[in-house]
Amino acid sequence: MMQPPRKPSKPLLGAADAPVRSRPRRPRNPAQPNLPLDPMPARIEPCLALLKPRPPKGPQWTFEVKWDGYRLAVHIEPSGVRILTRGGHDWTDRFPAVLAEARRLSVSTAILDGEAVVLDAQGRSDFGMLQRSLGGRGGKRTSREANFMAFDLLYFDGHDITGTELSSRRHLLEGLVPAGGEDAIRLSEEIEADGDTLLRTACAHGLEGIIAKDRNSPYRSGRGGDWLKIKCIQSDGFAIIGYEKSTASFGGIGRLLLAARKGNELVYVGGVGTGFNERSANELREQMDKLKIGKPAVDTGRKRNAVFVDPKLVAEIEYRAWTHDGKLRHASYKGLREEQDEATIYELE
């Protein structure tokens, strides 16, 4: 049986003098029988976090910062390294720094679960900066600025460990990717704190939110509730169904028209007219102009000077709340989600 994990901590809430380090792993006892090797899976469907309004209570919950980027799995195999998106697309060549660091890790086979991010000057993940580093949605550029924040280990030295509890998987991960590192692959550190206190602190630092995970749970694909996300500022994907023209705005876009999913249909949820710069607006306008349609795909009410598009683009929108009639409040455009990232559209209750 694996060594029980230590209690992790991180100096986000206190003034700790040194970064956390995992306990060194003991040499293997030769008398211990060898475990049979498990075939390495070509891909593991990711575990997804369920959105909740407040942090859970109880000793089984552990917390991390919520990263705002692209979900990736790093596969380290004898034949080489593969970096796969959430949807299973191979983006190995797009993250050269992560690829080089994965080759240096002291492990023969492994699958690391984590998030590709670009950090701003304050150390916060910035989705827009990541997108620009990759050349925008549909771009083909490589990102040398991106780091990979590793938060789980699914396969290790010939063994599938998805059925093992999170605390043991983390213990092995922290031995492979030590805390406090500044390489292209970094540990997403656990934070030992009360969930409500941590959320307030994260929001005060301008972070997107926190993730809560059941330390006793195995790794289960899908959104089953073992992982929870609690956000400071709401940010979700919405389908672009058109835009209102403006001669005074970047790209001629006065306001994007957005829709959410309700059952099998799309429902109009208002618009967004902020968050664009000249470059992002021009790129967005170019893509929307390829998707123009004569009639709106969704009932938007009477709209003057509107251009409607086939709802194939998914925009990441930051917003503060909802109005009483189901429209977004204080919305701001963050960027377009990639198809390879399995862009999902917000689902209304």
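## Cysteines and nonpolar cores

Cys47 is buried, at a relative accessible area of 3%. The model is predicted.

The structure has 1 disulfide. Cys203 pairs with Cys232, and their sulfur atoms sit 2.1 Å apart. The torsion about this S-S bond is about -95°, so the disulfide is left-handed. Cys203 belongs to helix 4 (residues 195-204). Cys232 lies in the loop between strand 10 (227-231) and strand 11 (234-245). The pair therefore ties together parts that are 29 residues apart in sequence.

Buried means under 20% relative accessible area, and exposed means over 50%. The table lists three cysteines.

| Residue | Relative accessible area | Class |
|---|---|---|
| Cys47 | 3% | buried |
| Cys203 | 33% | partly exposed |
| Cys232 | 23% | partly exposed |

Next, the nonpolar cores. The largest holds 34 residues. Val74, Ile76, Phe95, Leu112 and Leu153 touch the most other members. Several elements each supply at least two residues of this core. Among the strands are strand 3 (70-77), strand 4 (80-85), strand 5 (110-117), strand 6 (147-156) and strand 8 (185-187). Helix 1 (96-104), helix 2 (127-133) and helix 3 (166-176) contribute as well.

Leu153 shows how such a position is packed. Leaving aside neighbours within four places in sequence, Leu153 is in contact with Ala110, Ile111 and Leu112. Its other contacts on that basis are Ile161, Arg169, Leu172, Leu173 and Leu176.

A second, separate core has 24 residues, including Ile253, Leu258, Met288 and Val307.

How values were computed. Residues are numbered from 1 along each chain as its sequence is written. This is a predicted model: local features need pLDDT of at least 70, side-chain atom pairs count only at pLDDT 80 or more; totals for chains, interfaces and linings use all residues. Side-chain values use heavy atoms; hydrogens and water are left out. A nonpolar core is a set of buried Ala, Val, Leu, Ile, Met, Phe, Trp, Tyr and Cys residues joined through side-chain atoms within 4.5 Å. Buried means under 20% relative accessible area, exposed over 50%, partly exposed in between (1.4 Å probe, protein chains only). Helices (H or I, at least four residues) and strands (E, at least two) are DSSP runs, numbered from the N terminus. Contact means heavy atoms within 4.5 Å. A disulfide is a pair of cysteine sulfur atoms within 2.5 Å.
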